[in-house]
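Subject: Handing over a structure

Hi,

Here is the structure I said I would pass on to you. Have a look at it first, and then read my notes below.

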Amino acid sequence: DQSSFDVYRLPEEHEAIREAVREVCAAKVAPQAAEADESGEFPKASYDALRAADFHAPHIPVEYGGAGADALATAIVIEEVARACASSSLIPAVNKLGTMPLLLAGSDELKRRYLTPVAAGEAMFSYCLSEPEAGSDAASMTTRAVRDGEHWVLNGVKRWITNAGVSEFYTVFAVTDPSARSRGISAFVVEKSDPGVSFGAPEKKLGIKGSPTREVYLDNVRIPADRMIGAEGTGFGTAMQTLDHTRVTIAAQAVGIAQGALDYAKGYVAERKQFGKAVAEFQGVQFMLADMGMKLEAARQLTYAAAGRSERGDADLTYFGAAAKCFASDAAMEITTDAVQLLGGYGYTRDYPVERMMRDAKITQIYEGTNQVQRIVMARQLLKG
Ligand code: CAA
């Protein structure tokens, strides 16, 4: 029966999730997107709306009080929130990034303690890997954790921490054995309220302005030894495995931003008249729209293919996560730039949303590993044979 040939069609359940997120976003998230960008304030109203609908951290398993969304459903939630407001999409995305080390390597007791409040919408979770002098070369970090009896004492500076200050919990990667490079790095849960934790001034950014990015300072932060995630020395592997999964969420964010820009530009060119007809009637404009739609759909399909691998934990997730993030973010940059072009002078102003989308798209080529790092990851996987 041809009608049941479902190989390349989303399950109905996932389409239903998309509809539900779209409805919440149209009513509560999209209306404040321009203001979050303009003011640089965390979009609390979006967070409340996402929490009320259980879209703030949908990936948390049911056993910890979460919605138990699979990786594809989580990607669709992030995509749809990003279509309305990229800054708000970092709420579900960074909650996944921050908690993934626990989900991959944490003890059941640690998961219960820290995932339950995130699922309940009482706390957010950030991820602290990068440092001022350790960005692409993450293994060169210098934040140090030293054992002291039944405690670890952490000292160092983490940089570019998304949602720093608003998150209650932080996964912090720190060196526990300086002689072992990447095998001497361990992961810990740090709480905002732990004495010695403080934050830098919010970074002044090009885009995603509603999502605070700050430094996290660790000054003799003494935490119980049971806050280590997984075994000592396994932190770098956990950090990399986490990114394999969450690069898929950045790809989804890029797809969402691009869809938002294409939707707006399509509507605009159909209405805008020049030379006595709608701009959409010019073939040059039509060719631009066709290219935008084509690139967007290719990015979406690669993202969903990667999400399937994330859900199943396939061995080629490392490759697909990097490929999806790289391809989708490059596509989003092109599509949003073309959307600004299609609106002409209007597109360049803040009276229209496409310049915000273009600025927001740029970060997807940079964070969770620059697209140059993604190409390193892909090439290494290809050459492994
Ligand atoms: N899964 C599991 N283990 C992995 C792995 C993976 N995907 N990738 C590497 N590893 C392991 C290796 O097997 C190796 O382990 P052994 O020593 O036991 O063999 C160890 O990690 C070191 O691996 P490499 O030698 O490949 O490490 P490297 O120093 O060459 O670095 C890199 C590789 C890919 C460049 C890595 O440093 C990297 O991904 N850099 C980019 C960092 C990044 O993405 N940062 C983003 C921060 S998050 C963010 O953006 C914040 C936000 O808030 C949004």
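What follows is a short tour, from the whole chain down to single strands and helices.

First, a caution: this is a predicted model, so please read everything below in that light.

**The whole protein**

The protein has 11 helices and 10 strands. Its radius of gyration is 21 Å, close to the 21 Å that the globule rule gives for 385 residues, so the protein is as compact as a globular protein of that length. If you lay a box along the principal axes, the C-alpha atoms fill roughly 80 × 50 × 40 Å. As for burial, 49% of the 385 residues count as buried. Contacts reach far along the chain, too: among those with a separation of 6 or more, 74% are between residues 24 or more positions apart.

**Three annotated domains**

UniProt has three domain features that are handy for finding your way around, each from an unreviewed entry.

- "Acyl-CoA dehydrogenase/oxidase N-terminal" is listed by UniProt at residues 12-122. In the model this span is 72% helix and 0% strand, and its end C-alpha atoms are 31 Å apart.
- "Acyl-CoA oxidase/dehydrogenase middle" is listed by UniProt at residues 127-221. Here the chain is 0% helix and 47% strand, with 17 Å between the end C-alpha atoms.
- "Acyl-CoA dehydrogenase/oxidase C-terminal" is placed by UniProt at residues 233-383. This one is 81% helix and 3% strand, and its end C-alpha atoms lie 27 Å apart.

**Around the ligand**

Which residues are closest to the ligand? They are Ala139, Thr162, Met240, Tyr367 and Gly369, out of 26 residues that surround the ligand. The elements that give two or more residues to this shell are strand 3 (151-162), helix 7 (235-271) and helix 11 (371-384). Helix 7 has the largest share, with 6 residues. Sorted by class, the shell holds 14 nonpolar, 8 polar and 4 charged residues.

**How the strands pair**

Strand 3 is a good place to start, since you have just met it at the ligand. On one hand, strand 3 is joined to strand 2 (residues 144-148) by 5 bridges, and the two run antiparallel. Ala145, for instance, has Leu154 in strand 3 as its bridge partner. Strands 2 and 3 form a hairpin with 2 residues between them, and Gly149 in the turn has a positive phi of about 65°.

On the other hand, strand 3 is also joined to strand 7 (residues 213-224), by 9 bridges and again antiparallel. His151 stands opposite Pro224 in that pairing. Strand 7 pairs with strand 6 (residues 197-199) as well, in the antiparallel sense over 3 bridges, and there Val197 stands opposite Leu218.

Strand 5 (residues 185-191) is worth a look of its own. How much of strand 5 is buried? It is mostly covered, with 6 of its 7 residues buried. Strand 4 (residues 169-175) is joined to strand 5 by 7 bridges and runs antiparallel to it, with Thr171 opposite Val189. Strand 5 also pairs with strand 8 (residues 228-229), antiparallel over 2 bridges. In that pairing, Ala187 has Ile229 as its bridge partner.

**A covered helix and an exposed residue**

Helix 10 (residues 354-364) is mostly covered, with 9 of its 11 residues buried. Among the buried ones are Val354, Met357, Met358, Ala361 and Ile363, along with Glu355, Arg356 and Asp360. What covers them? The elements include helix 2 (33-39), helix 5 (86-105), helix 7 and helix 9 (317-347). Helix 7 is the one that gives the ligand shell its largest share.

For contrast, try Glu13, which you will find in helix 1 (residues 12-29). Is Glu13 buried or exposed? It has 10 other C-beta atoms within 10 Å, and a residue with 12 or fewer counts as exposed, so Glu13 is exposed. Glu13 and the buried Met357 of helix 10 are 344 residues apart along the chain, and their C-alpha atoms are separated by 29 Å.

Over to you, and happy browsing!

Technical notes
Residues numbered from 1 in each chain as written. Predicted model: local features only at pLDDT ≥ 70, side-chain atom pairs only at ≥ 80, totals over all residues. UniProt positions renumbered as here; feature names shortened; annotations may be inferred. Helix = DSSP H or I, 4+ residues; strand = E, 2+ residues; numbered from the N terminus. Near = placed C-beta within 6 Å. Nonpolar A, V, L, I, M, F, W, Y, C, P; charged D, E, K, R; others polar. Rg over C-alpha atoms; globule rule 2.2 N^0.38 Å. Buried ≥ 20, exposed ≤ 12 C-beta atoms within 10 Å, placed from the backbone. Contact = placed C-beta atoms within 7 Å. Pairing = 2+ DSSP bridges.
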